[in-house]
Amino acid sequence: MSGEDPFSESVDVILPGEEEQSLEEVAKEILALPAVKDDSPPPLLAVFPLRKSVPFPGLIMPVHAQDGYESNIMEKALAQGKRVGLLLAPGMDEAGRVSGADDFASTGVIAEVHRRIKLPDGNTNYLCRGLQRFHVERFVRVQEVPVAKVVYPADVYPAGDETEALARNVLSLSTKVAGHNPGLGEGFNLAALNIDPAGNLADFAAAYLLKDTETKQAVLDLLDVRARLLAVDEALTRELVTLELGDRIQKEIHERIEEQQKEYFLREQIRIIRRELGEEQDPEEQDRALFLGRLEQGEYPEEVVQKVKDEVQRMGTIPQASPEYSVVRNYLEWLTELPWCISSEDRIDIDHAEKILERDHFGLEEAKERILEFLGVRKIRPEHSGAILCFVGPPGVGKTSLAMALAESMGRKLERMSLGGMRDEAEIKGHRRTYIGAMPGRMLQMIRRAGTNNPVIVLDEIDKLGKDFRGDPSSALLEVLDPAQNHAFLDLFLDVPFDLSKIMFVATANNLYEIPGPLRDRMEIIELPGYLRAEKVKIGQKYLLPRQIKEHGLDAKRIKLPVATMRAIVDGYTREAGVRGLEKKIASLCRKRTLEIARRKRPQAEVKPAKLESYLGPAKFTDDAVRLRPGVGVALGLAYTSYGGDVLEIECAAFKGTGRVQATGRLGDVMTESCRIAHSFLRDQCGDYGLDCEVIAKHDLHLHFPAGAVPKDGPSAGIAIACAMLSRLTGRRLRARVAMTGEITLTGEVMPIGGVREKVLAAKRLGVRKVLLPKENQRDVKVLDPSWTRGLKIEFVEHFRDVVGLAFGK
């Protein structure tokens, strides 16, 4: 609710069935209308409460009514006629309602409503014209629509010339005060000159020039015109003194700034004179010359140039001994040393890039193809920004080295930032310069270190970002990785937008589902599966062994690892999806061979499988009979972890009890629920699988998942758990070398799962011959490389009865 000046601003409104009109045009139409002639104003009047505005007679004012309580008051008043009482309600609550008569002022204005304007938000503006004062004798009703019994007192004009003198003084003060408000303009002065009698002039000046609501209401309460003019005169005098004081302060500030500019100009003249005379400059002059010289020699955006000039000028006013001086100097160093307009030229040769990728990596055809596609598009359209690549896979499969090969093939600088455990968003966006020791974020630090604005930046371990009270780094990374925002990345320390759109970002992660959703949405995911045994053998011979031979000062004549030996290392000493552990074992072999040579021994160059135990100790991993030929109550399940796939033994023991089931092995909530679901399903369907329901009810089952120190969870072990229970309760052993994965429902349906590729690779790596998968995962198997499934028989199941037929046989 407000009663603001209709001439001070123009508001566009849309009237039903009419063209657009400004509020000023509507007000002029209303002023041209004749007032409603009614010699007997109503003694009972509907009252509209105003929160902060004070109405005055003879003035046009817009009254804003919110949809609901306020609009109902206006509509009820209009239903009784075009007149409504406008009354200040200083006791109105925050919801816009009044609770009693004490919430209202005692004097208001009866107004004539000339126009109703519907607003798009459902509220309504009413253009009202004040007619005359009224005084409230008492309120007949306050709730819903306030109604008051009122009287209409007339203005009292005292005899004598003092009233005329006060009117002239008010007119003069009004003109001076209006001169300090450019929004009023000449229209206000012209209107004030033509207002008569003196009481109306006092109302006009109070309405437009006074700001305090209580002062306005005090003026409205005065019926004596002399007292009213005197109150307005005092208020205008105070307002004029305040405005003149503000002008004087502004003038002093302006003069001080001019003095600083003059001082800077004189300092520049002194600097030039000293330089011409060959005199040594003081350190402050040297700093200013250093940064201004960088602006002349380098290429910078206009905003940066202006920022540097402003900071250099500010530095000239700060004593060198002040701590603020070093802060400004450090800021200028960052501004002038960042490569704002320095880009390295891309040298894109598709054949050369392909050779680099083949030189450093074995397999990974999908990732190589996507990188070559990116380079091909960049060669045809250099300004193409492209997608942000994210390599997801277990440790040791070559994610970071792929990014390094990409940078080498493009001829760009490479920078790497590890995000693992990062919890402070200031690591990305920097600290504000108000903090002691503030610095830019690591993003700008890497760009400064690279020396170009288009390096390749590797964001390692993006799935291991932290989050605590210091902020959320993943949210700060959104601005970095979003192509729609990173062209104007704003570091809090720099406070000047920097263009990151030319940077090639490559992210790496171990677990796709631990990457925050908004970040995952902005990246193109390329999954890197684990390697097969044959692939690991080739990688070891072609890449890892030559590298370790070089690092340990050996040559190919001093140590040789034939295929059989490399295969024995892969099978007996490593259990991983990547090749990091394999490289460690090869490095251990090279160290021991180097030690032998240092002791002047002459060992045979070729290391045969039988000699591995003397170098690396006993084999750590063996395919024992229990694992691949499970006994009664044991089933083989397939698991997917951030380190690749694995085959888990699920053991079940039965003993007399009350039909309960318990599980151990650091299981999560999902796997614990899977155990209960499988048990409930077998109890419900016991007759279909040759089980005695009473035996189940009188025996407790204990499920254990070995490697109890390793946490386990996920919705994919249901059918393996049910098979382990069924094997124990029936005494039947599952077929050898059969592993399975899939979630079971209470009705026996087998639900689809994730991580098919990793699970299939794990099954093949560990010697499994048959794999049972949910039928809905058949589409995932079709896209697998044929070499991954060669030697595996994959069966698809829809119901647990299918699982029993394939896992147990007839």
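How many positive and negative side chains does the chain have, and how far apart do the centres of the two sets lie?

1. On charge: there are 123 negative side chains and 113 positive ones, with 14 Å between the centres of the two sets. Please keep in mind that this is a predicted model.

2. On overall form: the chain holds 29 helices and 24 strands. Its radius of gyration is 43 Å, well over the 28 Å that the globule rule gives for 810 residues, so the chain is more spread out than a compact globule. Along the principal axes, the C-alpha atoms fill a box of roughly 130 × 100 × 45 Å.

3. On packing and surface: 47% of the 810 residues are buried. Of the contacts with a separation of 6 or more, 74% join residues 24 or more positions apart. The accessible surface is about 40900 Å², and carbon and sulfur atoms account for 50% of that.

4. A helix to look at: α13 covers residues 399-410, 12 residues in total. From first C-alpha to last, α13 reaches 17 Å, close to the 16 Å expected at 1.5 Å a residue. Just after α13 comes Gly411, with a positive phi of about 75 degrees.

5. The surroundings of that helix: the buried residues of α13 are Lys399, Leu402, Ala403, Ala405, Leu406, Ala407, Ser409 and Met410. An α-helix has 3.6 residues a turn, so residues three or four places apart point the same way. The cover over the buried residues of α13 includes the helices α11 (350-360) and α12 (365-380). Strands take part as well, among them β9 (388-392), β10 (414-418), β11 (456-460) and β14 (504-509).

How values were computed:
Residues numbered from 1 in each chain as written. Predicted model: local features only at pLDDT ≥ 70, side-chain atom pairs only at ≥ 80, totals over all residues. Heavy atoms only, no water. Helix = DSSP H or I, 4+ residues; strand = E, 2+ residues; numbered from the N terminus. Rg over C-alpha atoms; globule rule 2.2 N^0.38 Å. Buried < 20%, exposed > 50% of the residue type's maximum accessible area, 1.4 Å probe, protein only. Contact = heavy atoms within 4.5 Å. Areas by Shrake-Rupley, 256 points an atom, 1.4 Å probe, with all protein chains shown as cover. Lys, Arg positive; Asp, Glu negative; His and termini not counted. Charge placed at Lys NZ, Arg CZ, Asp CG, Glu CD. Expected span 1.5 Å × (residues − 1).
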